[in-house]
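Visitor: I would like a close look at a single part of this model, the nonpolar core. Please take me through what it is made of and how it sits in the rest of the chain.

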Amino acid sequence: LISATCQNLRELIESNQFRQDFYFRISSYEVNIPSLRERPADIDLFIEKNVNSFSSEVVFEKKALELLKAYEWPGNVRQLNDTMKKFEIHNTYHILEEDVRAVLN
């Protein structure tokens with residue numbers, strides 16, 4: 001069983017909002033992965049993966065890439081993936097700073 005959460009399960013156990021016995025059943029091995037905003041260097045990798053899935057012709061203007069890296073990504077990797085899909089849907093292959101601003105707002 002692989003499960004993921006953005007909640008602190010130990011705190012939830014302390015406040016009786018999560019069953020301790022269930023926690024011990026599912027937590028035999030715990031992997032903590034920092035959020036995307038804590039590892040902005042990985043944004044390039046995620047963008048490359050997404051871009052390659054719809055076209056090798058996509059080019060990001062330098063300021064557009066900087067804007068993506070500076071963004072907080074409250075929706076984490078899912079939000080970044082959805083952002084890349086929006087560029088794909090709009091057939092945007094030369095992505096400018098204003099394109100990124102429009103999608104993120």
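**The nonpolar core**

Guide: In this predicted model, the largest nonpolar core has 18 residues, and those with the most contacts inside it are Ile-47, Phe-60, Leu-68 and Val-100. Two or more residues of this core come from each of helix 3 (43–54), helix 4 (62–70), helix 5 (76–89) and helix 6 (97–104). Helix 5 gives the most, with four residues.

Leu-68 is a useful place to look from. Leaving aside residues up to four places away in sequence, Leu-68 touches Ile-43, Ile-47, Phe-60, Trp-73, Thr-83, Met-84, Val-100 and Leu-104. Among these partners are Ile-47, Phe-60 and Val-100, which are listed with Leu-68 as having the most contacts inside the core.

The chain around the core has six helices and two strands, in the order α-α-α-β-α-α-β-α along the sequence. Its radius of gyration is 18 Å, whereas the globule rule gives 13 Å for 105 residues, so the chain is more spread out than a compact globule. Along the principal axes, the C-alpha atoms fill a box of roughly 50 × 25 × 25 Å.

Buried residues account for 30% of the 105 residues. Of the contacts between residues at least 6 apart in sequence, 60% join residues at least 24 apart. On the outside, the accessible surface comes to about 7,900 Å², with 49% belonging to carbon and sulfur atoms. As for charge, the chain has 13 positive and 17 negative charges, and their mean positions are 5 Å apart.

Key. Residues numbered from 1 in each chain as written. Predicted model: local features only at pLDDT ≥ 70, side-chain atom pairs only at ≥ 80, totals over all residues. Heavy atoms only, no water. Rg over C-alpha atoms; globule rule 2.2 N^0.38 Å. Buried < 20%, exposed > 50% of the residue type's maximum accessible area, 1.4 Å probe, protein only. Contact = heavy atoms within 4.5 Å. Areas by Shrake-Rupley, 256 points an atom, 1.4 Å probe, with all protein chains shown as cover. Lys, Arg positive; Asp, Glu negative; His and termini not counted. Charge placed at Lys NZ, Arg CZ, Asp CG, Glu CD. Core = buried A, V, L, I, M, F, W, Y, C linked by side-chain atoms within 4.5 Å.
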